[in-house]
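Student: Could you take me through one part of this protein slowly, strand by strand? I'd like to see how the strands pair up and what sits around them.

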Amino acid sequence: MTRDVPKTYDPKLVEDKWYQHWLDKKYFHAKVDPDKKPYTIVIPPPNVTSVLHMGHAYNNTLQDILIRYHRKLGYSALWLPGTDHAGIATQSVVERELAREHKTRHDLGRERFVERVWEWKNHHGAAIINQLKKIGCSCDWDRERFTMDPGLSNAVREVFIRLYNKGLIYRGLRIVNWDPASATALADDEVDHIELQGYLYHIRYRFADSEDYIVVATTRPETLLGDTAVAVAPDDEDKKHLVGKKVIIPVVNRTVEIISDEYVDKEFGSGFVKVTPAHDPNDFEIGRRHGLNNVLVLDKNACVMPVCQVFNDNQYTDEIPVPDDIAGLDRFEARQKIIEKLKALSLLEKIEKHTHAVGHSYRSKVPVEPYLSVQWFVKMKPLAEKALKVVQEKQIKFYPENRFDKTYEHWMLTIRDWCISRQLWWGHRIPVWYNDKGEMKVSAEDPSTDMDKWIQDTDVLDTWFSSQLWPFSTLGWPDETDDLKYFYPTNTLVTAPDIIFFWVARMIMAGMEFKNEIPFENVYFNGIVRDEQGRKMSKSLGNGIDPLEMIDKFSADAVRFTIVMLSSEGQDINISPKSFEMGRNFSNKIWNAFRFLHMNLNRPDTDFPKYQDSLILEDRWILSRLHKAIRDVSENIGRFRLNDALNAVYHFFWHDYCDWYLEMIKPRLYNQQSNDLKNAALAVACYVMKSSMELLHPFIPFITEEIWQTFKTGTQKSIVISDWPEFNGNLINEQAEREIQLIQDAISGIRNLRAEMEVPPGKKIPLFVEAADSTWSLILDNKNHFISLAKISEINRSDGTLNKSDAGVLVIKNVEFLIPMAELIDRDKEKVRLSKEIERLSGLEKTLISKLKNKNFIDKAPENIIENERKKLAGVQENLEKIRKNYDNLVRSN
């Protein structure tokens with residue numbers, strides 16, 4: 001062939017070239033085609049602020065494997081990409097940028113600030129998209145979406161209005177999770193609960209009518225300024241008589257009543273619980289049951305206000321002054337000040353160490369503040385019912401199977417209303433309007449007229465409110481577009497399990513509510529990429545691995561190969577930069593095999609059936625092994641066992657094809673034999689090489705395209721759109737596999753024996769064989785393999801006169817292979833080797849006997865499995881007997 005193949009593979013000359021070619025040819029663009037089945041994946045949209053990390057690389061490689069596989073199967077395969085506006089994260093980035101200019105967003109005003117964020121997004125937002133391209137993602141970039149595109153924003157407003165009109169969205173004064181650092185409310189699932197060592201403070205509350213006191217235990221003395229009751233358990237007989245009596249809140253000297261409520265655990269602390277409805281969700285519910293006031297102590301920065309604000313029945317009703325030396329203090333400073341005051345007043349009985357879970361913001365990482373605030377909420381229970389049912393009925397299947405179903409079910413059954421309003425400027429603004437008469441309108445457009453001015457709600461919607469619509473809003477909903485009708489419902493979602501509630505559950509609820517259909521059929525939860533010590537990668541630990549650096553050093557194919565090879569279904573991956581050598585080594589192995597083949601070709605020919613009469617044992621064997629690999633790869637991808645799929649083709653290509661088949665055919669290529677035998681070997685080798693590239697393409701797309709181009713035929717243009725290899729059961733040849741296995745075991749055994757006996761690598765040695773006629777014929781027909789691969793000078797059938805004490809002996813499948821070593825053999829070493837083999841076979845014999853005596857195994861195992869174990873035992877015992885005889889001969893000869 002005229003094409004020159006470089007000695008070493010250089011991915012830098014290959015990867016960018018082919019990716020640009022694929023883009024130019026629009027191979028990733030999916031068309032609405034009634035003659036094809038659709039296969040759709042929507043990308044979990046990365047935050048527009050993100051840069052590619054190893055988790056992205058892993059997650060998107062898995063998606064790319066599935067989409068490339070289905071594209072080659074003939075589906076109209078759409079992988080829809082895009083990014084998320086990421087409200088808090090993006091606003092924080094731009095605010096930090098402004099801070100470097102000594103400005104705040106308030107200096108710019110809302111309109112100009114939002115313009116500034118858009119400028120930032122347009123300048124920086126494409127970074128992760130370009131990085132996804134670098135790793136080979138075959139997304140339909142013509143359909144790229146952003147959660148604040150006009151079409152998606154329209155879908156968000158439509159959903160809000162529909163839910164509001166249905167009574168599922170409401171505005172109310174409720175306790176929310178408040179992030180003081182970001183100055184916004186958070187949903188329950190945006191709070192990480194972290195076990196911390198804190199303290200339990202036992203505080204004396206004096207009775208209003210005597211000097212006696214009760215002791216109240218609390219972890220948050222700073223909120224006693226907002227106490228409106230003290231509660232005891234209804235079944236606490238020791239305290240029942242105190243219900244209705246008045247006690248005085250320390251420091252502020254305000255009188256409250258002792259009440260009885262079922263929430264109280266009489267065993268916790270002193271059995272007396274301070275009730276602070278404006279700063280604890282459980283206390284809020286107690287307050288509602290008992291008609292208590294809500295006294296708001298802290299402001300939005302978690303600092304004590306100069307006056308506490310009093311609310312009752314959602315109305316602002318009063319103010320309560322705060323001591324001057326506490327007003328304005330941060331919540332933790334206020335805690336210390338109140339403790340000092342309690343000590344000074346002799347009202348602090350004791351302080352105990354206490355471990356408890358404290359909620360932290362998933363974004364800012366600071367402790368959240370339970371905070372009384374007017375917010376917008378979605379009623380979730382009516383939406384959760386259908387979403388739970390479709391998972392329970394397996395209309396939506398989770399993979400790995402049976403790992404996350406119960407977790408999902410528990411969350412859906414205990415779901416609480418979702419706080420959807422956020423006190424930010426960047427995001428989808430809530431489509432609610434107010435006029436100066438105190439009236440409210442829900443409208444997608446500004447309802448203002450010349451006579452009647454309306455002002456829009458200043459809050460924006462939680463980022464997840466728009467993300468939940470991603471599977472159908474990206475396809476044009478609420479319009480019934482051709483894309484939506486064809487590509488929805490989608491087929492597969494690949495995501496991390498930590499957002500099963502943030503995103504997966506909400507997408508299912510939204511799909512059932514607005515499309516009355518499931519949004520996807522399968523959800524594959526991938527594991528987390530960790531460092532080699534098993535730690536989660538993070539900036540604080542400095543243990544992150546930049547996938548772009550690894551791509552530059554090892555190649556995109558090497559990165560993709562390594563992270564899939566090291567994974568297993570849904571499990572976490574431990575990885576280090578050195579791990580990627582594995583992927584590079586495999587690329588080099590592929591390239592060397594291709595280069596060897598290329599050097600022996602006049603022209604590529606994969607049409608092996610025309611040489612049917614010239615196909616010999618190793619040809620039939622490799623074709624059988626290839627089609628088993630085709631079957632295994634296809635089945636494992638279909639079951640989302642992508643690691644097993646890659647392992648199947650990897651081991652086939654490296655061991656069966658490179659280590660054995662290419663070595664076995666070398667005599668046919670180099671020696672002056674029949675041209676038909678040589679051409680048959682080359683045709684089979686080319687067919688297997690091309691088919692292997694097809695199987696490997698979803699995993700390592702670049703090198704496979706580079707090599708496949710040499711073997712393409714007819715109208716074929718690219719491996720991206722070529723057909724997936726079709727499994728042919730007629731080419732499965734169990735007899736050929738058994739026969740080659742015997743030859744492989746014998747050659748491997750002879751090689752090991754030569755090494756143990758320290759026979760020089762180049763020295764040829766004779767081989768004698770004791771075997772039945774059929775086996776002897778097989779060995780004789782394949783003597784070239786022994787000569788070339790085991791450095792055998794000649795092969796003879798033993799007539800039984802050979803002195804086995806002067807020979808190295810191998811027993812494989814009841815066949816004895818004897819190597820005369822009178823001048824070479826080290827008898828002591830040979831005794832050690834045979835002794836180890838006797839020990840190994842004895843252990844195997846014991847295991848098999850035990851298994852066949854196991855009543856449970858005999859009763860439950862299929863008869864063919866039991867029979868196979870019996871045959872295995874008989875073979876082991878026969879080999880063991882021969883090895884023992886050879887060992888005894890060796891001992892006697894001494």
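Tutor: Let's begin with Leu-196, which stands opposite His-356 in E16. Leu-196 and His-356 give us a way into a long pairing: strand E7 (residues 191–207) and strand E16 (residues 348–361) run antiparallel, with 13 bridges between them. Keep in mind as you look around that this is a predicted model.

Now stay on E7 and look for its other partners. Strand E8 (residues 213–218) is one of them, joined to E7 by six bridges, again in the antiparallel sense. If you want a pair to click on, find Ile-203, which has Val-216 in E8 opposite it. To get from E7 to E8, the chain makes a hairpin through five residues.

E7 also pairs with E10, and this antiparallel pairing has two bridges. Here the residue to find is Arg-206, whose bridge partner in E10 is Ile-248.

So let's hop over to E10 and keep going. Strand E10 (residues 246–249) is joined to E11 by four bridges, and E10 and E11 run antiparallel. Lys-246 shows you the match-up, as its bridge partner in E11 is Glu-257. E10 and E11 form a hairpin too, with four residues between them. Have a look at Val-251 in that turn: its phi is positive, at about 75°.

What sense does the pairing of E9 and E11 have, parallel or antiparallel? It's parallel: strand E9 (residues 229–232) and strand E11 (residues 254–260) pair that way over four bridges. Val-232 is a handy marker, since you'll find it opposite Ser-260 in E11.

Follow the walk a little further and you reach an open sheet of three strands, in the order E13-E14-E15, with antiparallel pairing. Its edge strands are E13 (294–298) and E15 (315–321), and each of these pairs on one side only. From one strand to the next, the twist averages 30°. Strand E14 (residues 304–312) is joined to E15 by six antiparallel bridges, and Val-307 stands opposite Pro-321 in E15.

Hang on to Pro-321, as it turns up again around an empty space. Rolling a probe the size of a water molecule over the atoms shows where empty space is left. In this model, the count comes to two cavities of 30 Å³ or more. The second largest cavity holds about 30 Å³ of space, and Pro-321 is part of its lining, along with Leu-225, Val-252, Arg-254, Cys-308, Ile-320, Val-322 and Pro-323. By class, that lining has seven nonpolar residues, no polar ones and one charged.

How big is the largest cavity? Its volume is about 70 Å³. Among the residues lining the largest cavity are Leu-163, Trp-418, Phe-465, Gln-468 and Arg-506. Helix H15 (residues 500–514) gives the most to this lining, with five residues. Sorted by class, the lining of the largest cavity has nine nonpolar residues, one polar and two charged.

Key. Residues numbered from 1 in each chain as written. Predicted model: local features only at pLDDT ≥ 70, side-chain atom pairs only at ≥ 80, totals over all residues. Heavy atoms only, no water. Pairing = 2+ DSSP bridges. 1 Å grid on protein atoms, 1.4 Å probe; cavity = no way out; pocket = protein on both sides within 12 Å on 5 of 7 lines; lining within 4 Å. Points joined across faces, edges and corners; volume = space filled by probe spheres on them. Nonpolar A, V, L, I, M, F, W, Y, C, P; charged D, E, K, R; others polar. Axes fitted to C-alpha atoms, helices over the stretch in contact; angles between N-to-C directions.
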